[in-house]
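The following exercises concern the fold of a single protein chain. Each task is followed by a solution that proceeds step by step.

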Amino acid sequence: MDQSVGHGGVPVACDICRIHEVAAQSGSDFAALECHRGQHWLVRHHPLPAPLVGWTFLCAVRHVQGPADFSDAEADGFGRALHTVSRAIREITGCDRVYAIAFGQGAPHLHMHLIPRFDAVEGTRAWQVADWYRAVERGEHAPADPVAVAHFVGRLREILVKSPLGERG
Ligand SMILES: [Zn+2]
């Protein structure tokens, strides 16, 4: 299937919209990494090879560039979604803090990077995490263990079922 064409033959120019569409098909690689899909928010692990176990995306379901363009309902729910997913990442990984970064540049569709940060790992401190990301992308740094990623995804799904993001769906 031509991945640039979405349901009904409508062109899908946005990578995030395309990923959400592919992830809706059970058995796809993206489906295996999806942790939650609700009315406004979709939560998924970074695709493999992943830079870190627990590198998670909080995505708007709707094609919206960022918070400045949120609907009232998205604006009201965003804080709770961010809180719930960030806390779950910390609970699962035992990290010291969770970084939250959103550019909306590579794809103009909110996909907030939520990154578990361990203070003992100097190479992921603040903006160094971007160097780490690129090193994994270039194959210069070992990616996260896929088995550990699958385990993380299973745990995050369990937590988000018990602690929904405060939305229907
Ligand atoms: Zn989109």
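**Exercise 1.** Identify the bridge partner of Thr 56 in β5, and place the pair within the sheet.

*Solution.* Thr 56 has Leu 114 as its bridge partner in β5. The model is a predicted one. The strand that begins the pairing here is β3 (56-60), and 4 bridges join β3 to β5 in an antiparallel arrangement. On the β4 side, Leu 114 stands opposite Ala 100. A second pair is formed by Val 98 and Pro 116, the latter in β5. Between β4 and β5 (residues 111-117) there are 5 bridges, and these two strands also run antiparallel.

**Exercise 2.** Determine the strand order of the sheet, and explain why β1 and β4 each have one side without a neighbour.

*Solution.* Step one is the order: the 5 strands follow β1-β2-β3-β5-β4 in an open sheet with antiparallel pairing. Step two is the edges: β1 (34-37) and β4 (97-101) each have a single partner strand, so one side of each lacks a neighbour in the sheet. Step three is the geometry: from one strand to the next, the twist averages 20°. Finally, helix α5 (residues 146-162) packs on the sheet, where it touches β1 and β2 (41-45). The direction of α5 makes about 20° with that of β1.

**Exercise 3.** State which residues of helix α1 are buried, and what covers them.

*Solution.* In α1 (residues 15-23), the buried residues are Ile 16, Ile 19 and His 20. They lie on the same side of α1, because the arc they cover around the axis is only 100°. This may be set beside a general rule: an α-helix has 3.6 residues a turn, so residues three or four places apart point the same way. The cover over the buried residues of α1 includes α2 (29-33), β2, β3 and β5. Strand β5 is itself mostly covered, with 5 of its 7 residues buried.

**Exercise 4.** Describe the overall architecture, and assess whether the radius of gyration agrees or disagrees with that of a compact globule.

*Solution.* Begin with the inventory: the protein has 5 helices and 5 strands, which run α-α-β-β-β-α-β-β-α-α from the N terminus. Next, consider the dimensions. A compact globule of 169 residues would have a radius of gyration near 15 Å, and the value of 16 Å for the protein therefore agrees. The C-alpha atoms fill a box of roughly 45 × 35 × 30 Å along the principal axes. Of the 169 residues, 30% are buried. Lastly, among contacts between residues at least 6 apart in sequence, 56% join residues at least 24 apart.

Notes:
Residues are numbered from 1 along each chain as its sequence is written. This is a predicted model: local features need pLDDT of at least 70, side-chain atom pairs count only at pLDDT 80 or more; totals for chains, interfaces and linings use all residues. The radius of gyration is taken over C-alpha atoms; the globule rule is 2.2 Å times the number of residues to the power 0.38. A residue is buried if 20 or more other C-beta atoms lie within 10 Å of its own, exposed if 12 or fewer, and partly exposed in between; C-beta atoms are placed from the backbone. Two residues are in contact if their C-beta atoms, placed from the backbone, lie within 7 Å. Two strands pair if DSSP finds at least two bridges between them. Axes are lines fitted to C-alpha atoms, for helices over the stretch in contact, and angles run from 0 to 180 degrees between N-to-C directions. The arc is that of the directions from the helix axis to the C-beta atoms.
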